[in-house]
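This report describes one protein structure for a reader who is new to the subject. Please keep the sequence and the model in view while reading.

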Amino acid sequence: MTRISVQVDGVTYTDDVEPRTLLVHYLRETLGKTGTLVGCDTSNCGACTVHLDGRSVKSCTVLAVQADGHEVTTIEGLADGGELHPMQQAFNDCHSLQCGYCTPGMIMASVDLVRDNPDPSETEIRDGLEGNLCRCTGYQNIVRAVQQVAGGERS
Ligand code: FES
Ligand code: FES
């Protein structure tokens, strides 16, 4: 076992983990952060997307030990107290989810996308989110939500 100390959603956790433990499993099974989902075992779906030191990563592709000493934000830490993050609000406003399974990862990836490119075109949004799959095919409204946060509708 290896001892790690990770700040997750503003709280520091110190735990002993097996070196092979994936970050997503540490978040869900040790910390109970079940808002971060597992949708595949092939690194394709993006349901497990979190922020590691502010950048989106697929937490099924990161070992928990690699997060030692770093800062992780999950969908559960995105809201500011009782106030939704603007991207969460936009997904709600634009009806950007159906079953909701892809939604936590989509939102985390979208926040990172807009931080990198505050004025993305529709193509840039679609390209930026290509690592996140929605099986309900709700992409149009997801794009709309990102556009809302980025400051307006455009084609
Ligand atoms: S669970 Fe599908 S990419 Fe991580
Ligand atoms: S809303 Fe169902 S997978 Fe995206």
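The 14 residues of helix α3 should span 20 Å at 1.5 Å a residue, and its end C-alpha atoms are 20 Å apart, which agrees. The expected span of a helix is 1.5 Å times one less than its number of residues. Helices (H or I, at least four residues) and strands (E, at least two) are DSSP runs, numbered from the N terminus.

The model is predicted: local features need pLDDT of at least 70 and side-chain atom pairs count only at pLDDT 80 or more, while totals for chains, interfaces and linings use all residues. Residues are numbered from 1 along each chain as its sequence is written, chains are lettered from A and ligands numbered from 1 in the order in which they are written, and side-chain values use heavy atoms, with hydrogens and water left out.

**Helix α3 and its surroundings**

Helix α3 is mostly covered, with 12 of its 14 residues buried. Buried means under 20% relative accessible area, exposed means over 50%, and partly exposed lies in between (1.4 Å probe, protein chains only). Among the buried residues of α3 are Thr103, Pro104, Gly105, Met106 and Ile107. The cover over the buried residues of α3 includes strands β3, β4 and β5 as well as helices α2 (86-93), α4 (122-128) and α5 (139-150).

Serine 110 is placed in helix α3. What does serine 110 contact, leaving aside its neighbours within four places in sequence? Serine 110 is in contact with Met87, Phe91, Leu129 and Val146, where contact means heavy atoms within 4.5 Å. Serine 110 counts as buried because its relative accessible area is 0%.

**The sheet**

The model has an open sheet of 5 strands in the order β2-β1-β5-β3-β4, with mixed pairing. The edge strands are β2 and β4, and each of them pairs on one side only. Neighbouring strands of this sheet are turned by 40 degrees against each other on average, direction ignored. Two strands pair if DSSP finds at least two bridges between them. Strands of a sheet pair through backbone hydrogen bonds, either parallel or antiparallel.

Strands β1 and β2 run antiparallel and are joined by 7 bridges. Their hairpin has 2 residues between the strands, and aspartate 9 takes a positive phi near 50 degrees there. At the other edge, β3 (residues 49-52) and β4 run antiparallel and are joined by 4 bridges. Leucine 52 has arginine 55 of β4 as its bridge partner.

Two helices lie across strands of the sheet. Helix α1 (residues 23-30) lies across β1, β2, β3 and β5 (71-73), running at about 105 degrees to β2. Helix α3 lies across β3, β4 and β5, running at about 45 degrees to β3. Axes are lines fitted to C-alpha atoms, for helices over the stretch in contact, and angles run from 0 to 180 degrees between N-to-C directions.

**Salt bridges and cysteines**

How many salt bridges does the structure hold? The structure holds 7 salt bridges, each being a side-chain nitrogen of Lys or Arg within 4 Å of a carboxyl oxygen of Asp or Glu. The table lists some of them.

| Pair | Closest N to O |
|---|---|
| Arginine 3 and aspartate 16 | 2.9 Å |
| Arginine 55 and aspartate 112 | 3.1 Å |
| Arginine 55 and aspartate 116 | 2.7 Å |

Arginine 3 stands opposite aspartate 16 in β2. Aspartate 16 counts as partly exposed because its relative accessibility is 39%, and arginine 3 counts as exposed because its value is 58%.

Arginine 55 lies in strand β4 (residues 55-58) and aspartate 112 in helix α3 (residues 103-116), so their salt bridge ties together parts that are 57 residues apart in sequence. Arginine 55 is partly exposed at 38% relative accessibility, whereas aspartate 112 is buried at 7%. Aspartate 116 is exposed, with a relative accessible area of 54%. Arg55, Asp112, Arg115 and Asp116 are linked in a network of salt bridges.

The count of disulfides is 0, a disulfide being a pair of cysteine sulfur atoms within 2.5 Å. Cysteine 45 is buried at 11% relative accessibility, and cysteine 102 is buried with a relative accessible area of 12%.
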